[in-house]
Amino acid sequence: MPQTKILLDESDIPTHWYNVVADMPNPPTPPLGPDGKPIGPEALTAIFPMALIEQEVSAQRWIPIPEPVREALRMYRPSPLFRAHKLEAALGTPAKIYYKYEGVSPAGSHKVNTAIPQAYYNKQAGIKRLATETGAGQWGSSIALAGQMFGLEVRVFMVRVSYDQKPFRRSMMQTWGGQVFASPSMETNTGRAILAKDPNNQGSLGMAISEAVEEAASRADTNYALGSVLNHVLLHQTIIGQEAQKQFAKVGDYPDMIFAPCGGGSNFGGVAFPFFADKAAGKNVRLVAVEPTSCPSLTKGTYAYDFGDTAGFTPLMKMYTLGHDFMPPGIHAGGLRYHGDSPLVSQLYHEGLIEAVSVAQLATFAAGVQFARTEGIIPAPESNHAISACIDEALRCKESGEAKTLFFNLSGHGHFDMASYDKYFAGELDDFHYPDSAIQASLANLPKVG
Ligand SMILES: *Cc1c(COP(=O)(O)O)cnc(C)c1O
């Protein structure tokens, strides 16, 4: 019987992050200021420490991981690679299915991989507080934990709808010492202005980002931390793909296709980019980002310069976007409800080097339940997107008789998402395909630059 769990030693935790920029055929597009001109690194010093700004603009292939960061990562890394024998049998597919499980982190997802270095570099720079946003609560929990590890105060603006739906995510953040505010909040000018117009506003990631950025920009002791989208965040996540490469080598296998759920692009970049290096060197591997049909930035958005937040405080980034004032429907994969996507992922997609598909909500839950009933782990609703696309491919392999090697990133567990599973079982969830007319309306408000 081939191995079910493919494990590594702590000494196998990568010593460097991999920077995909070194292998991209074209240089990344620069962020632009409000005047439409490229901004320099100094424009970001009000909200980020210099070490992270340097990583943001670096073209160096390998960037060393500081020893205190590797030390902290040992708490839960290396994460296991599993062979999904039971799922394969249930599907009756000749394909081999593997998944990397990032739910072993204390907060339950891959997001701790970047929360730790972000807290570390901010502490080194003498910062006392971090302000951030969270949607479903995965990022907020991760940064609350990392803030506690390195002695930083953490203030989290949590999208109102999740604040109400996921009280235990809030309790987790508070347990790790974080302060949590429902966004829009009365803490910032942005929040107060939104509430003045609409006291029942349910919030969005774009609004919560505006609140956190406003607070960080207006206080010298406070910086901002972002859980996805930016180049340095994707960089930190590349330890996932590097570990997976070692794990596949250990069992003498290699993936034909890799699937990852895609919100802001960090877990996709984290698992896929190290394999992109192999692809750039001639290897045949397909990299597939999976997004919801209700928030289809790659598959239905436009490749254009847009703001990262609703209020327009962030620099303009060239990315696939649905428009910064796009209001995503209240689907249950909260971590995938973002109007844009990582500029690096967007550029690779635009150049045809990676692929993207979208999956409707009911299919994702059906896949997640099938996975839980075979493999045991209850996945986060976000992760269900990758599982669904991977199962579809395994079933195509069954038709064609191909024994492909399929691999997906199980980005987190769903222990705090059981209310969403309850709704699925009660038949209360539906599919939402964001109407093209609504996307067009939101895209009409794109900033006119670039
Ligand atoms: C946040 C999150 C995602 C999606 O975010 P990316 O920025 O695309 O990585 C996926 N899965 C889980 C469990 C998450 O918490």
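Two strands are taken to pair if DSSP finds at least two bridges between them. In this predicted model, that criterion yields an open sheet of seven strands, ordered E1-E4-E5-E15-E10-E11-E14, in which the pairing is mixed. Strand E1 (5-6) and strand E14 (355-359) lie at the edges with a single partner strand each, so one side of each has no neighbour in the sheet. At the E14 edge, the partner is strand E11 (residues 286-292); the two strands run parallel and are joined by five bridges. Within this pair, Pro292 sits opposite Val359 of E14. Helix H12 packs on the sheet, where it touches strand E5 (96-101), strand E10 (257-261), E11 and strand E15 (405-410). The direction of H12 makes about 160° with that of E10.

A further open sheet is built from four strands in the order E8-E7-E6-E9, and here the pairing is parallel. E8 and E9 take the edge positions, and because each has a single partner strand, one side of each is left without a neighbour in the sheet. Direction ignored, neighbouring strands of this sheet are turned by 25° against each other on average. Strand E7 (residues 153-159) and E8 run parallel and are connected by five bridges. Phe157 has Phe181, in E8, as its bridge partner. As a reminder that applies to both sheets, strands of a sheet pair through backbone hydrogen bonds, either parallel or antiparallel.

Turning to the ligand, 19 residues surround it, and those that come nearest are Gln138, Ser228, Gly335, Glu382 and Gly412. Two elements give two or more residues to this shell, namely helix H12 (266-280) and helix H16 (381-400). H12 gives the most, with three residues. H12, then, both contributes to the shell and packs on the seven-stranded sheet. By character, the residues of the shell divide into 12 polar, five nonpolar and two charged.

H16 merits a closer look. This helix has 20 residues and reaches 29 Å from its first C-alpha to its last, close to the 28 Å expected at 1.5 Å a residue. Of its 20 residues, 14 are buried, so H16 is largely enclosed by the rest of the structure. Just after H16 comes Gly401, with a positive phi near 75°.

Several backbone details are also worth pointing out. Most residues other than glycine have a negative phi, and most peptide bonds are trans. Against that background, two cis peptide bonds can be described, beginning with the one that joins Arg77 and Pro78, where omega is about -5°. Pro78 belongs to the loop between helix H2 (67-73) and strand E4 (81-83). A cis peptide bond also joins Ser183 and Pro184, with omega about 5°. Pro184 is found in the loop that lies between strand E8 (179-183) and helix H8 (189-197). Val229, a residue other than glycine, has a positive phi near 70°. Its place is the loop between strand E9 (222-224) and helix H10 (231-237). With 20 or more other C-beta atoms within 10 Å as the cut-off for burial, Val229 counts as buried, because 25 other C-beta atoms lie within 10 Å.

Methods
Residues are numbered from 1 along each chain as its sequence is written. This is a predicted model: local features need pLDDT of at least 70, side-chain atom pairs count only at pLDDT 80 or more; totals for chains, interfaces and linings use all residues. A residue is near a molecule or strand if its C-beta atom, placed from the backbone, lies within 6 Å of it. Ala, Val, Leu, Ile, Met, Phe, Trp, Tyr, Cys and Pro count as nonpolar, Asp, Glu, Lys and Arg as charged, and the others, Gly among them, as polar. Two residues are in contact if their C-beta atoms, placed from the backbone, lie within 7 Å. Axes are lines fitted to C-alpha atoms, for helices over the stretch in contact, and angles run from 0 to 180 degrees between N-to-C directions. The expected span of a helix is 1.5 Å times one less than its number of residues. A residue is buried if 20 or more other C-beta atoms lie within 10 Å of its own, exposed if 12 or fewer, and partly exposed in between; C-beta atoms are placed from the backbone.
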